[in-house]
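Work through the exercises below with the model open beside you. Try each task before you read its solution.

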Amino acid sequence: MISNSNIEHRRMPLSSVHANTWFCVCVMVSAMEEFQVIVHTLPAPTSGTYSILRLTLIGSEGGETPPISVNAGANQHHLLPGSACVVRVWSEVALGRVVLVRLRLEARTGFPDLDWHCRGVEVRRLCDRQEEGTGLQHQGVEHFPCSRWLRSVDGDVELRNGDMCLLNSETVQTLKDHRLKDLHTKQQHIRWRTFAEGVPHCVDMTSLKELGPNLSYTRQSPGINLQYLRGFDERAESWSSFTELETMFSHNGSQNTVAKYVQAHWAEDWFFGYQCLNGCNPLMVRQTRLLPPNLSINSDILCPFLPDGSSLEQELERGSIFLLDYEMLEGVPANVINGKQQFLAAPLVLLHLNQEEELKPIAIQLQQAPGPQNPVFLPSDPGPDWLLAKTWVRCSDFQCHQLSSHFLRTHLLGEVCCTATLRQLPEVHPLHQLLMPHIKTTLQINIQARASLLAANGVFDKAIGCGLEALPVLLSRATERLRYRSLCVPDDLADRGIHTLKHCYYAHDALRVWTALHRFVSGWVDVYYLGNQDVEQDSELQSWITEIYTHGFLQLPHSGCPQSFQTKPELSQFVTMVIYCCSALHAAVNFSQVDFDLWMPNCPASMTHPPPQTKGMLTEDEILSILPDVNSTCNLLITLFLLSQPAADYNVVIVGGKSGNKVSEHEDRCRALV
């Protein structure tokens, strides 16, 4: 490297220097390129580091500068939060265009080895002024964004400029090589493993330390008062009365207007149907034109609950009969809580959409196989029998909601898509940049869930009817039944026949959000894929969908998941589905849990007695002895409070306005689909 004295030397008059010496210096200087480099540190308080940063510029022609120290030796800079360290870099070889910046963090002797959060690097090429005089002028600035943590254990980290492009658009071999090298490195670090047989695979990590600082985050919670739910651990017994349960509810739900509304109306038939459409699990109910063959009813039995002059056959033909079928729970082993055997049911429920557009249950069979010990419960049965039958359905819905609608469809599939994105789409790929803000957090959340909620002594073990033994069984059944169409909102709502229901607010808002997402995604795809041929020829994209089909949908052809992409519309729909499931759908099935579950009888997580086999033998007070114990109730609510609270920096988009229906307060909250 030539020192500054050499640069000054070239400005001396010819008479003062021997001609040969002058010629040699000119040759050396003419081959030299000079750059101004600015290294930016994120402003966050903990972003700085004591460690030494070494920097190398890599050019499009394959040459590179020797590594220089940004904050040691002659450069007395400090990598402080918000700092911008300016250094000069010289190259004795022609670099061409600077295409990569290599950074290496090295621990400084005697100081803590702290991680450093680099915001990015700017590179300015300096050249001689064309006009008279001396000095240097700036040419164009190249920006190399980083926005991630660097650690000394990472070794060399190479940044490229922020221009997104497809592999086929790369024109510089150095960048092609870097692209492949980056993916290979990530594939060595981020691997697949089997979570449970027949269940989408997960990332092969068991701790956040393995995940690293760039894929983990600190959640800023707004703070939750759990004081009135603690201290019940020793009460492994049923609630003594509804009055006692109401006391606990009042201390924890006094500020929750939706939960208070649920408490007031949970036993009413119209509200049972409302929850099927707009509760925290709006994914189960569907229109039916045929009665399930294993549902032991006929038109005469149901005639009293249908409009005057109509019949079951006519109502089926009109499309006003709806079905809840929890067959995936059939034969699933139930948990043991507080040393007591718990019980599960696999109900079939018929609902009728009346002339007031209210969806009401008209028949409930609690097990799949018909028989004398599996009666069909009707609205005309004694009040306690009918209420208990609906409560059993709500318990079954809780199991399917938690593991199928919530964990499988949003968490597990989100993790699959995130892992495949990290392994197959380099950061410069436009779909990597589009997807990662929506799926990045699934890795940390799921790693923590597998280590706590879904582990021994976690909430599934201690408070939920489908405990740890049933968990893989139910998840594998839900995976086997999963269809790609059911993940795409327009197809799902149309297939289930709920897209035109006046009071199905989930359907209305889900369609609005899906339409907005799809419009944006389609525009994004149009920018980078000029035609269908570009989609077919994107090898990184094809590897990405192959991994998702293999590790997410387990190569099940009946799932309908694409195995490759041939057209832009196919790609746009799939990407929209991923974003929707990991944002809006998760908001719908997660953030409303406390609203509907705080009044425990509305959505019990377990039942301590088997489903009833007869009618007319029950009082309403006896229902409490069948519901979860005091300690398991409170432990579950603690978990739901923690899961249902958005982070302090959570942003919501309100879609639409109040509808003026009976539960407009809840509608307004559920409209906050992100």
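The exercises go from the whole chain to single residues.

This is a predicted model, in which local features need pLDDT of at least 70 and side-chain atom pairs count only at pLDDT 80 or more, while totals for chains, interfaces and linings use all residues. Residues are numbered from 1 along each chain as its sequence is written, and side-chain values use heavy atoms, with hydrogens and water left out.

**Exercise 1. The whole chain**

Task: State how many helices and strands the protein chain has, and what percentage of its residues count as buried.

Solution:
- Start with the elements. The protein chain has 23 helices and 17 strands. Helices (H or I, at least four residues) and strands (E, at least two) are DSSP runs, numbered from the N terminus.
- Next, burial. Of 674 residues, 54% count as buried. Buried means under 20% relative accessible area, exposed over 50%, and partly exposed in between (1.4 Å probe, protein chains only).
- Then contacts, meaning heavy atoms within 4.5 Å. Take those with a separation of 6 or more: residues 24 or more positions apart account for 73% of them.

**Exercise 2. The listed binding site**

Task: Find the residues that UniProt lists for "binding site", and place each one in the model.

Solution:
- The unreviewed UniProt entry lists Gly48 and Asp115. They span 68 residues in sequence, yet no two of their C-alpha atoms are more than 7.6 Å apart, so they gather at one spot. UniProt positions are given in the numbering used here, feature names are shortened, and annotations may be inferred rather than shown by experiment.
- Place Gly48. The loop between β1 (33–41) and β2 (52–59) holds this glycine. Gly48 is buried, at 14% relative accessibility.
- Place Asp115. This aspartate is in the loop between β5 (98–106) and β6 (116–128). Asp115 is partly exposed, at 28%.
- Check the contacts, leaving out residues up to four places away in sequence. Gly48 touches Asp115 and Trp116, among others. Partners of Asp115 include Trp149, Arg151 and Pro213.

**Exercise 3. Two open sheets**

Task: Give the strand order of the open sheet of 4 strands and of the one with 5.

Solution:
- The sheet of 4 strands runs β3-β2-β5-β8, with antiparallel pairing. β3 (68–69) and β8 (156–160) stand at the edges with a single partner strand each, so one side of each has no neighbour in the sheet. Two strands pair if DSSP finds at least two bridges between them.
- Look at one pair. β5 and β8 are antiparallel over 5 bridges. Val101 has Leu159 in β8 as its bridge partner.
- The sheet of 5 strands runs β11-β12-β15-β16-β17, also antiparallel. Its edge strands are β11 and β17 (376–377), each pairing on one side only.
- Now β12. It is largely enclosed by the rest of the structure, because 4 of its 5 residues are buried. β12 pairs with β11 over 2 bridges and with β15 (348–353) over 5. Ile321 stands opposite His352 in β15.

**Exercise 4. Helix α16**

Task: Which residues of helix α16 are buried, and what covers them?

Solution:
- Val489, Asp492, Leu493 and Arg496 are buried in α16 (489–496). Down the helix axis, the buried residues fall within an arc of 90 degrees, so they line one face. The arc is that of the directions from the helix axis to the C-beta atoms.
- The cover includes β11 (286–287), β12 (321–325) and α17 (505–528).
- Arg496 forms a salt bridge with Asp492, at 3.0 Å between the closest N and O atoms. A salt bridge is a side-chain nitrogen of Lys or Arg within 4 Å of a carboxyl oxygen of Asp or Glu. The two residues are 4 apart, about one turn of the helix.
- Just after α16, Gly497 takes a positive phi of about 70 degrees.

**Exercise 5. Charged side chains**

Task: What is the N to O distance between Glu170 and Arg160, and which side chain of opposite charge is nearest to Asp597?

Solution:
- Glu170 and Arg160 meet in a salt bridge at 2.6 Å, N to O. Glu170 is in the loop between β8 and α3 (173–189), and Arg160 is in strand β8. Glu170 is buried at 6%, and Arg160 is buried at 11%.
- Asp597 is in helix α21 (593–597). This aspartate is buried yet has no salt bridge; Arg394, the nearest side chain of opposite charge, is 5.2 Å away. Lys and Arg count as positive and Asp and Glu as negative; His and the chain ends are not counted.
- Finish with a network. Salt bridges link Arg148, Asp182, Lys186 and Glu427.
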